[in-house]
Amino acid sequence: MDSVIKIIPLNAYIILSAVIFCIGIVGVLTRRNAIIIFMSVELMLNAVNLLLAAFSSYSGDANGQVFVFFIMAVAAAEVAVGLAIIVMMYRNTGSVDIDLLNKLKN
Amino acid sequence: MDKMFYFLAFLAILSALMVVLVKNPIHSILYLLVTFTSITGHYILFNAQFLAAVNFIVYMGAIMVLFLFVIMFLNLNGETEPQKSTLVKFAGVISGGLLLLVMVASFKKAVTIPLNTEVDTQIGLIKNLGMVLFKDYALPFELASVLFLVAMIGAVMLAKKDWK
Amino acid sequence: MTIDIIFKLILIASIFGLSLVTAMYSTLAERKFAGFFQDRLGPDRAGPYGLFQPLADGLKLLTKEEIIPESANTFLFLAGPSLAMLTACMTSAVIPWGTYIEVDGHKLPLQVADINVGILFVFGVVSLGVYGVMIGGWASNNKFSLLGAIRGASQNISYEISMGLSIIALVMITGSLSMREITDQQSGFHGMNWYVIKQPLGFLIFLICSFAETNRTPFDLPECETELVGGYHTEYSSMKLGFYLFAEYINMFISSAVMATLYFGGYNFPFMHDLGLSQNVVAMLGVGALFIKILLFIFFFMWVRWTVPRFRYDQLMRLGWQVLIPLAILNIIITGGVVLFFQ
């Protein structure tokens, strides 16, 4: 199972996670549903996780994988709070459309 | 092994695209689940067993269930999905594509340091990671638990309906 | 090399077949025991003692008309029961069913995959089990199904936490996450090494949580007939309903196997190495011992089902969050203290 490091160049993983990260950014920019935007952020976090794990495995250094672990922990906490905020927003506006949240303008 | 990589990479990119493209939020969640599955597959290819298991449990078993739960709870579907204007979508896709272009171009020009080919493939095992985690990162680990406590209390306070 | 692969294929096929047959006959056993507990006969028409009843039930389910509701999302409606079945069958890959048998000088372990993170794998698959219920319930486009699905999700999430915490206390004394290593640590001493003796509280929490995770009475709120018609599978008919019912029985079988492996010594039995038998015979006897333990657990599941009434929803949540989680944390603290003391 260890041969992926020798066969696939590290650049392949860099490009793969760059592509996934950019898909996440496009999702944040083009969608209005707060939950989908949140999911796109998760996609971006996962791209970063993949890249960190790849760097860690290719250089034989365990620190990167520990960081991935911390990112996952923070993501779990973030999702709990974020979804609670979205539920509260739905309760107040009856929708999850972020364009309705423009009260801070003007 | 390389076939496995290309298959998983293709699956990840395709399903990530579908997350952003499909209208129905429930379908988006299921595609995101496929993306996470393929990323778990990549971790297994690295022999990062612990990360694969945690990704499985935390992302697929907990986070995505929460998303699915909230979407079912709020009863969102394709018809209620708000849409941005075509112009904004177009601008979003172009700026995302430009970012990708810049990133890939800079990677092409970057100088690659030759990596040590005889790396230790056992670092992803739970024993080694536990050693690093509890020796070098003991304080961040404890702080993460405080973070969880704060998040838990915060989520309960935010979602509680009638607050006296 | 080839003999290993052929053996693995045979092993996978036989485990799959065994879990299906056990699940099939669990349905008959359940009805027979229900009859026994309620002082009636139970099914006895199809074959001697009703032994062909599962076949008759299967035939009935297969030949019934298949109805997909018009307003349902067809793909997800089909994906629900398939996912339920998939997640039910996946766990059996990491359970060590026996030691190893020797063929031609090859050591062939009776386990499909001995991975280092076996317990985490089991835990991950258990947490995926909720998708089948949620997707099926949502895709049916029916209020009762949706309610059942949301109940199933919140119940599974709540009880997963205490399940994980009870496993943490176990892992603190095993020092390993591999199922085979944990089983091997429990050998010898005529059953006195079983982890149920070192972890009685942890086992109790794990047992309650596995009742909740398999949606069995007293935790069968996702499908309770009296309030939700049929819960998440209200709209299902024919073999798709059969898949959901079957997945429940396979889940019961697998969680019995996990409990027997983690807490009751798995394939170990008293006087295992003192009988002077050859390795193959000991391995086969070990498989038999594991199956006896599993069948006892399945009997326990049924016993509880026909004895204890269903919880109310608030009672279920209170038990999960206010009783089991503090108890599990207490268990971790005590275990940690004891481990530190004996070091």
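In which helix of chain C is the place of C:Glu160? Select helix α6 (residues 143-174) of chain C in this predicted model, and you will find C:Glu160 within that helix.

**First stop: C:Glu160**

With C:Glu160 centred in the viewer, notice that this residue is buried, because 23 other C-beta atoms lie within 10 Å and a count of 20 or more is what the term requires. Show C:Val126 and C:Ser127 next, since C:Glu160 touches both of them, when residues up to four places away in sequence are left out. Then add C:Ala328, which is 168 residues away from C:Glu160 along the chain, and whose C-alpha atom is separated from that of C:Glu160 by 12 Å.

**Second stop: two exposed residues of chain C**

Move to the loop between α2 (53-63) and α3 (74-90) of chain C, and select C:Glu65 there. Is C:Glu65 buried or exposed? C:Glu65 is exposed, because 6 other C-beta atoms lie within 10 Å, and a residue with 12 or fewer counts as exposed. Leaving aside residues up to four places away in sequence, C:Glu65 touches C:Ser237 and C:Ser238, so display these two serines alongside C:Glu65. A distance drawn from the C-alpha atom of C:Glu65 to that of C:Ser82, 17 residues apart along the chain, should read 18 Å.

Next select C:Ile5, which lies in helix α1 (residues 2-37) of chain C. C:Ile5 counts as exposed, with 9 C-beta neighbours inside 10 Å. From C:Ile5, draw a line to C:Leu59, which lies 54 residues apart from C:Ile5 along the chain, and the two C-alpha atoms will be found separated by 34 Å.

**Third stop: a hairpin in chain C**

Now colour strand β1 (residues 100-103) and strand β2 (residues 106-109) of chain C, which pair in the antiparallel sense over four bridges. To follow the pairing residue by residue, begin with C:Tyr100, whose bridge partner in β2(C) is C:Pro109, and continue to C:Ile101, whose partner in β2(C) is C:Leu108. The two strands form a hairpin with two residues between them, and in the turn you can select C:Asp104, which has a positive phi of about 60°.

**Fourth stop: where chain A meets chain B**

Zoom out and show the chains together. Which of the two pairs of chains in contact share the most contacts? Chains A and B do, with 66 residues of chain A in contact with 71 residues of chain B. On the side of chain A that touches chain B, the elements that give two or more residues are α1 (4-7), α2 (10-30), α3 (34-59) and α4 (63-93) of chain A, and among these α4(A) gives the most, with 22 residues. If you colour this side of chain A by residue class, it divides into 47 nonpolar, 12 polar and seven charged residues.

Keep α4(A) in view and add helix α3 (residues 49-74) of chain B, where the axes of the two helices come within 11 Å and cross at roughly 5°. That makes α4(A) roughly parallel to α3(B), because angles under 35 degrees count as such. To see the contact itself, select residues of α4(A) including A:Phe69, A:Met72, A:Val79, A:Ile86 and A:Tyr90, together with residues of α3(B) including B:Leu51, B:Val58, B:Ile63 and B:Leu74. By class, this contact of α4(A) with α3(B) has 18 nonpolar, one polar and no charged residues.

**Fifth stop: chain B, and its contact with chain C**

Stay with chain B and turn to its contact with chain C, which takes 16 residues from chain B and 18 residues from chain C. α3(B) gives the most to the side of chain B that touches chain C, with 13 residues, and that side divides into 14 nonpolar, two polar and no charged residues. Chain A and chain C, by contrast, are joined by no contact, and their closest C-alpha atoms lie 12 Å apart.

Finally, colour chain B by its domain assignment, which gives domain 1 (1-77) and domain 2 (123-164). The C-alpha centres of these two domains of chain B lie 22 Å apart, and six residues of domain 1 are in contact with four residues of domain 2. The side of domain 1 that touches domain 2 divides into four nonpolar, two polar and no charged residues.

Key: Residues numbered from 1 in each chain as written. Chains lettered and ligands numbered in written order. Predicted model: local features only at pLDDT ≥ 70, side-chain atom pairs only at ≥ 80, totals over all residues. Contact = placed C-beta atoms within 7 Å. Nonpolar A, V, L, I, M, F, W, Y, C, P; charged D, E, K, R; others polar. Axes fitted to C-alpha atoms, helices over the stretch in contact; angles between N-to-C directions. Parallel < 35°, antiparallel > 145°, perpendicular 65-115°, else oblique. Pairing = 2+ DSSP bridges. Domains from an automatic or database assignment.
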